[in-house]
Amino acid sequence: MAVVVALAFVFLVMFPVPSPVRALSSNYYDHTCPHLESIVTSAVKKAMSNDKTVPAALLRMHFHDCFIRGCDASVLLNSKGKNKAEKDGPPNISLHAFYVIDEAKKALETSCPGVVSCADILALAARDAVFLSGGPTWDVPKGRKDGRISLATETRQLPAPTFNISQLQLNFAQRGLTIEDLVALSGGHTLGFSHCSSFQNRIHKFNATVDVDPTMQPSFAAKLRSVCPAHNKAKNAGSPLDSSNLVFDNAYYKLLLQGKSIFSSDQALLTTPKTKALVSKFASSQEAFEKAFVTSMIKMSSLGGGQEIRLDCRVVR
């Protein structure tokens, strides 16, 4: 989920909203591709050894895939001709580490050709990204199919970093996800980095009377302003999403309670009694956070809508 852009809600009713896939099973490939999980884990580990940002990238990629047409690997498809695919939509321009899925798919096509969907590979890679960063692990239900449609225009459906709590709740509810899921999945921001553009609204010209969001801790806001000046020209300038952004932990929630969150959508979690209580619960107990995160991840990653098994994750046959 990490860095995303604004969405006009009118589009939510125009685009297909994913619903859960019924046929998923943890042992779906036990007989047809028994080495699936070790092959995917190996690809993720190899990539992580060369690039510490891979886990955050894979987790974010999975979120962005599932929130548009369900978890159907449509985010992996390349643009073709005049059709701009999801990966080239504004919120997805900064997605990276697609090669990790490609490498896993290549190995799987050697081991068990034509069997494993790209959507399942991405779901497993996201789980491994969390576990290999010090977070929990879980049995990933499998049996997703890959989609054939990928449209950049549909990335307007992604929840934006500028959203307030009402917008967030509606966006998640459209996908059958609850307030508990919203707060738990927001904890995915424990991994990753944001460019200045996604939180500029909080540190410059916040409203007509103040320049900086008054809910931000002053020295934290000053630090962000120094990294991201009003007319920032540095393409890669930005901030980690929490103080331990390579480790999957509950620091995100602790910092949120201290006024040190990055996005408006993070701060929004403190604006209702129910969401604030969940933030406090997860800040005080990593165990409670991990349990809720796993439950919500399984729920979100069960949204589906694909029809086939792609042989090349980036191309529809």
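1. Start with helix α11: T275, L278, V279, F282 and A283 are buried there (buried means under 20% relative accessible area, exposed over 50%, with a 1.4 Å probe and protein chains only). Those buried residues cover an arc of only 135° around the axis, so they sit on the same side of α11. The arc is taken from the directions from the helix axis to the C-beta atoms. Over on the other side of α11, P273 and S284 are exposed.

2. A word on where this comes from: it's a predicted model, where local features need pLDDT of at least 70 and side-chain atom pairs count only at pLDDT 80 or more, while totals for chains, interfaces and linings use all residues. Residues are numbered from 1 along each chain as its sequence is written, and side-chain values use heavy atoms, leaving out hydrogens and water.

3. What do the buried residues of α11 pack against? Their partners are α5 (165-173), α6 (179-186), α9 (251-257) and α12 (286-300); contact means heavy atoms within 4.5 Å.

4. Now look at α2 (residues 54-66) and α12: their axes come within 10 Å and cross at roughly 45°. That makes α2 and α12 oblique to each other (under 35 degrees is roughly parallel, over 145 roughly antiparallel, 65 to 115 roughly perpendicular, and the rest oblique). L59, H62, F63 and C66 of α2 meet F293, M297 and M300 of α12.

5. Finally, α1 (residues 36-50) has 15 residues. Its buried residues include L36, I39 and V40, and the buried residues of α1 pack against α2, α3 (98-111) and α4 (118-131).

Notes: Helix = DSSP H or I, 4+ residues; strand = E, 2+ residues; numbered from the N terminus. Axes fitted to C-alpha atoms, helices over the stretch in contact; angles between N-to-C directions. Expected span 1.5 Å × (residues − 1).
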